Amino acid sequence: ERADIEAVLKRAYDTIRIAFQPVVSMKNKSLFGYEALMRCDETLFASYGALLAASERVAWRPIMARTIYQRIASACADLPERTLLFVNVHPWDAQEGLLTGPNAPLEPLARSIVLEISDRTPQTHIDAFANGLPALRGAGFRVAVDDLGTGGSGMGLYTRIAPDFVKLDGGLVSRMDTDEANAKMTRGMYALCRELGVPVIAEGVETPGERDMLLSIGADLAQGHQFGVPAATFEPPHL
């Protein structure tokens, strides 16, 4: 069984490619950055979660991570100037020579990269990431909490890593122009983050109504199909 998994993973790793989705400033109607998203042609592992689970099962997660980071680094020669690139990372990558050190593919680009760690991250993984944070920040990386509002780690993550950004989960943004419960939750998250002094990026903005509702509560940074779909190159956003 292990040999079968490894054979499929090898095929999957060969097909890994990166798509880039714009992050925009709605107030300034300008490009702010991109998020790097993993894509894979192997049907069994079409999602990052499925590929990660299989890789962990045979202790290949570091190989998978390095492959993804190498593909991201190769594409970044075309990253527009003065834009940030948001990259999802596993908390353990910080201590395994995958993000800093002589063989870390992303370190030469660190000042343009924001490392995303999920609100769903278990506490033990948060501790591992926090322990590697001095080296990450020393290299120039910035940090974001992803999926805020969906897990139990958000405030624990904030106190442990003091993120430069938080990304509000698209499940809260979705239909906030027609769903009062979502609108209240979103307004509450923005009020809290303003109090903490951390910029918020609204994910999953799919419609003009959601965009306009976000603007009405003072939101600025956003990501979603309303501004651009993931693409193989750094496409300009729809503003």
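Three exercises with worked solutions follow, on a predicted model.

Residues are numbered from 1 along each chain as its sequence is written. In this predicted model local features need pLDDT of at least 70 and side-chain atom pairs count only at pLDDT 80 or more, while totals for chains, interfaces and linings use all residues, and side-chain values use heavy atoms, with hydrogens and water left out.

**Exercise 1.** Determine how the radius of gyration of the protein stands against the globule rule.

Solution. Begin with the elements: the protein has 8 helices and 8 strands, taken as DSSP runs (H or I, at least four residues, for helices; E, at least two, for strands) numbered from the N terminus. The radius of gyration, taken over C-alpha atoms, is then set against 2.2 Å times the number of residues to the power 0.38. The protein has a radius of gyration of 18 Å, close to the 18 Å given by the rule for 239 residues, so it is as compact as a globular protein of that length.

**Exercise 2.** Identify the residues that touch the most other members of the largest nonpolar core.

Solution. Such a core joins buried Ala, Val, Leu, Ile, Met, Phe, Trp, Tyr and Cys residues through side-chain atoms within 4.5 Å, where buried means under 20% relative accessible area with a 1.4 Å probe, protein chains only. Among its 69 residues, Y69, I72, L85 and L214 touch the most other members. Helix 4 (residues 123–139) contributes the most, with 6 residues.

**Exercise 3.** Explain why C40 forms no disulfide.

Solution. A disulfide requires two cysteine sulfur atoms within 2.5 Å. Because the closest cysteine sulfur to that of C40, in C76, is 20 Å away, it is too far for a bond. The whole structure contains 0 disulfides.

How values were computed:
Buried means under 20% relative accessible area, exposed over 50%, partly exposed in between (1.4 Å probe, protein chains only).
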